[in-house]
Amino acid sequence: MRIQGPCITHLTYADDTILFSSTDTTSIEIIKQCLDDYSNTSGQLINLNKLYFFLHPNAEDNIAHHIANLTGFSNKNFLFTYLGALIYLGRKKIKYFDHLCDKVVRRIQGWNGKLISS
């Protein structure tokens, strides 16, 4: 028996959205058309400078070029922050969390400075 999770197609929070798709041309064109329809219907402009797509590091370069040409979106690599959470591909690495450790240390040092009596 194989246990499968839900099929997730998108995640949305406030004005941020992540869409999940295969790389086939039809899927990409449908996503692009939906975004264009939304923009035309709502009157809100979509900022192409904030639209990115992510591919597995082993994906062929021609796939990235094809998607960029179809959509006008930029290709980015994994290891980025989304809503304060680090998004990465593969195994966790300690260096991915260095910024979190630094943040905790700074917070504790700030408390320590306030608690020391003069």
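User: Helices (H or I, at least four residues) and strands (E, at least two) are DSSP runs, numbered from the N terminus. On that basis, how do the elements of the protein run from the N terminus on?

Analyst: This is a predicted model. Its secondary structure comes to three helices and six strands. Read from the N terminus on, the elements run β-β-α-β-α-β-β-β-α.

User: What is the radius of gyration of the protein, against that of a compact globule of 118 residues?

Analyst: Start with the extents. The C-alpha trace spans about 65 × 45 × 35 Å along its principal axes. A compact globule of 118 residues would have a radius of gyration near 13 Å, whereas the protein has 20 Å.

User: What percentage of the 118 residues is buried?

Analyst: The cut-off for buried is under 20% relative accessible area. Ser 39, in helix 1, meets it with 15%. Over the 118 residues of the protein, the buried share is 9%.

User: Among contacts between residues at least 6 apart in sequence, what share joins residues at least 24 apart?

Analyst: A contact here means heavy atoms within 4.5 Å. Among contacts between residues at least 6 apart in sequence, the share that joins residues at least 24 apart is 33%.

User: Which residues make up the largest nonpolar core?

Analyst: In soluble globular proteins, nonpolar side chains tend to be buried together. In this model the largest such core has seven residues. They are Ile 28, Leu 51, Phe 53, Leu 55, Ala 64, Ile 67 and Phe 73.

User: Leaving aside neighbours within four places in sequence, which residues is Phe 73 in contact with?

Analyst: Phe 73 belongs to the largest nonpolar core. Leu 51 and Phe 53 are also in that core. Both are among its partners beyond four places in sequence, and the full list is Lys 32, Leu 35, Leu 48, Leu 51, Tyr 52, Phe 53 and Ala 68.

User: Which element gives the most to the lining of the largest pocket?

Analyst: The largest pocket has a volume of about 1,500 Å³. Of the 36 residues that line it, Thr 17, Ile 18, Leu 19, Leu 51 and Tyr 52 are the closest to its centre. Two or more lining residues come from each of strand 2 (16-19), helix 1 (25-42), strand 3 (52-54), helix 2 (61-71) and strand 5 (80-82). With five residues, the element that gives the most is helix 1.

User: How does the lining of the largest pocket divide by class?

Analyst: Leu 51, one of the residues closest to the pocket centre, is also part of the largest nonpolar core. By class, the lining has 23 nonpolar, nine polar and four charged residues.

User: Which elements give two or more residues to the lining of the second largest pocket?

Analyst: The second largest pocket has a volume of about 170 Å³. Its lining has six nonpolar, three polar and three charged residues. Those residues are Leu 55, His 56, Pro 57, Ala 59, Glu 60, Asp 61, Ala 64, Asn 75, Lys 76, Asn 77, Phe 78 and Leu 89. The elements that give two or more of them are helix 2 and strand 4 (74-76).

User: Is Ser 39 buried or exposed?

Analyst: Ser 39 lies in helix 1. Beyond four places in sequence, Ser 39 is in contact with Gln 44, Leu 45 and Ile 46. Its relative accessible area is 15%, so Ser 39 is buried.

User: Which residues does Tyr 13 touch, not counting those up to four places away in sequence?

Analyst: Tyr 13 lies in strand 1 (residues 10-13). At 52% relative accessible area, Tyr 13 is exposed. Its C-alpha atom is separated by 8.6 Å from that of Leu 83, 70 residues apart along the chain. Not counting residues up to four places away, Tyr 13 touches Tyr 82 and Leu 83.

User: How far apart in space are Thr 81 and Thr 41, C-alpha to C-alpha?

Analyst: Thr 81 is in strand 5. It counts as exposed because its relative accessibility is 52%. Thr 81 and Thr 41 are 40 residues apart in sequence, and their C-alpha to C-alpha distance is 30 Å.

User: What separates the C-alpha atoms of Lys 114 and Tyr 38?

Analyst: Lys 114 sits in helix 3 (residues 98-115). With a relative accessible area of 71%, Lys 114 is exposed. Lys 114 and Tyr 38 are 76 residues apart along the chain, and their C-alpha atoms are separated by 50 Å.

Methods:
Residues numbered from 1 in each chain as written. Predicted model: local features only at pLDDT ≥ 70, side-chain atom pairs only at ≥ 80, totals over all residues. Heavy atoms only, no water. Core = buried A, V, L, I, M, F, W, Y, C linked by side-chain atoms within 4.5 Å. Buried < 20%, exposed > 50% of the residue type's maximum accessible area, 1.4 Å probe, protein only. 1 Å grid on protein atoms, 1.4 Å probe; cavity = no way out; pocket = protein on both sides within 12 Å on 5 of 7 lines; lining within 4 Å. Points joined across faces, edges and corners; volume = space filled by probe spheres on them. Nonpolar A, V, L, I, M, F, W, Y, C, P; charged D, E, K, R; others polar. Rg over C-alpha atoms; globule rule 2.2 N^0.38 Å.
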